[in-house]
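Work through the exercises below with the coordinates open. Each task is followed by a solution in steps.

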Amino acid sequence: MTGQRADARRNYSRILAVAEAEVAQHGAAASLEQVARTAGVGSATVRRHFPTRQALLEAVFQERIQTLCGRADELGRTGDSRAALLDWLRAFVEYAVSARGFADTLTYEPPTDAPAGDAPHSCGAVLEGAAAPLLRRALDDGTVRPGVTFHDLITLVVGIALATEHHTEPSVQADRLFTLAVEGLSPSP
């Protein structure tokens with residue numbers, strides 16, 4: 001956004017603030033036209049700053065994404081690879097459940113065979129770039145089933161978040177389902 005005129009920077013900030021409120025209220029299906037009206041700009045102005053719904057949603061969730069990335073970095077310096085990966089995934093589930101529209105944002109992204117560094121700078125790609133070392137370390141240590149991919153983990157978290165969003169206490173139910181997924185349906189005696 002550097003190099004933009006002052007009014008363009010103000011429009012961007014106003015659009016993003018309005019979009020955050022709209023997404024919090026309506027989720028990923030928030031109306032871009034309503035965002036434009038409430039921000040006091042035309043829909044073309046919204047599309048100039050955010051050419052797609054996905055671009056707008058990614059901007060709305062940028063701070064949460066960066067927090068999760070920071071958490072992955074912190075946990076990467078701990079000793080227990082399984083605990084580090086599970087702590088990060090639990091934080092990911094909490095964020096996905098607490099931020100309406102966040103899980104929907106991640107469902108827009110199909111899996112890719114490109115390494116994390118080569119993928120576009122989407123929410124999923126940024127999260128993968130941060131958390132892939134946690135998964136790789138757990139795989140290397142044998143604390144995670146061989147063949148588990150980062151896409152598997154995103155699918156699990158998104159599924160839990162979407163399945164629990166209409167529950168009376170979504171975070172409680174999401175935590176229960178996450179624990180069930182980690183421990184399995186039939187633990188060994």
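**Exercise 1. Classify Glu74 by accessibility and explain its salt-bridge pairing.**

Step 1. Glu74 has a relative accessible area of 42%, so it is partly exposed. The classes are buried under 20% relative accessible area, exposed over 50% and partly exposed in between, with a 1.4 Å probe and protein chains only.

Before going on, note the source. This is a predicted model, where local features need pLDDT of at least 70, side-chain atom pairs count only at pLDDT 80 or more, and totals for chains, interfaces and linings use all residues. Residues are numbered from 1 along each chain as its sequence is written, and side-chain values use heavy atoms, with hydrogens and water left out.

Step 2. Find the partner. Glu74 meets Arg71 in a salt bridge, at 3.0 Å from N to O. The rule asks for a side-chain nitrogen of Lys or Arg within 4 Å of a carboxyl oxygen of Asp or Glu.

Step 3. Place the pair. Arg71 and Glu74 are three residues apart in helix H5 (residues 62-75), so about one helical turn separates them. Helices are DSSP runs (H or I, at least four residues), numbered from the N terminus.

Step 4. Classify the partner. Arg71 is partly exposed, at 30% relative accessible area.

**Exercise 2. How many salt bridges does the rule give, and which pair links distant parts of the chain?**

Step 1. The count is five salt bridges.

Step 2. Take Arg90 and Asp175. Their closest N and O atoms are 2.2 Å apart. This pair links distant parts of the chain: Arg90 sits in helix H6, Asp175 in helix H10 (residues 170-183), with their positions 85 residues apart.

Step 3. Check exposure. Arg90 is partly exposed at 28%. Asp175 is partly exposed at 35%.

Step 4. Take another of the bridges, Asp7 with Arg5, at 2.7 Å from N to O. Asp7 is partly exposed, with a relative accessible area of 30%. Arg5 is exposed, at 58%.

**Exercise 3. Describe the surroundings of Asp87.**

Step 1. Asp87 lies in helix H6. Its relative accessible area is 38%, which means partly exposed.

Step 2. List contacts (heavy atoms within 4.5 Å). Leaving aside neighbours within four places in sequence, Asp87 touches Arg71 and Leu75.

Step 3. Compare chain and space. Asp87 and Arg71 are 16 residues apart along the chain, and their C-alpha atoms are separated by 9.1 Å.

**Exercise 4. Which residues have the most contacts inside the largest nonpolar core?**

Step 1. Apply the rule: buried Ala, Val, Leu, Ile, Met, Phe, Trp, Tyr and Cys residues joined through side-chain atoms within 4.5 Å.

Step 2. The largest core holds 56 residues, and those with the most contacts inside it are Trp88, Leu89, Phe92, Phe102 and Leu127. Helix H6 (residues 81-98) gives the largest share of this core, 10 residues.

Step 3. Inspect Trp88. Not counting residues up to four places away in sequence, Trp88 touches Leu68, Arg71, Ala72, Leu75, Leu127, Ala131, Leu134 and Phe150.

Step 4. Recall the background. In soluble globular proteins, nonpolar side chains tend to be buried together.

**Exercise 5. Why is Cys69 in no disulfide?**

Step 1. A disulfide needs a pair of cysteine sulfur atoms within 2.5 Å.

Step 2. The closest cysteine sulfur to that of Cys69 is in Cys123, 9.6 Å away, so the gap is too far for a bond. The structure holds zero disulfides.

Step 3. Check burial. Cys69 is buried at 13% relative accessible area. Cys123 is buried at 3%.

**Exercise 6. Locate the largest cavity and the largest pocket.**

Step 1. Fix the terms. On a 1 Å grid over the protein atoms alone, a cavity is a set of points where a 1.4 Å probe fits but cannot get out; a pocket is an open set with protein on both sides within 12 Å along at least five of seven lines; lining residues have an atom within 4 Å of a point. Grid points are joined across faces, edges and corners, and a volume is the space filled by probe spheres set on the points.

Step 2. The search of the whole structure finds one cavity of 30 Å³ or more. The largest cavity is lined by Val23, Ala28, Ala30, Leu32, Val35, Arg53, Leu56 and Leu57. H4 provides the largest share of that lining, three residues.

Step 3. The largest pocket has about 400 Å³ of space. Of its 14 lining residues, the closest to its centre are Val144, Arg145, Val148, Ala181 and Val182. H6 gives the most to this lining, four residues.

Terms used
Helices (H or I, at least four residues) and strands (E, at least two) are DSSP runs, numbered from the N terminus.
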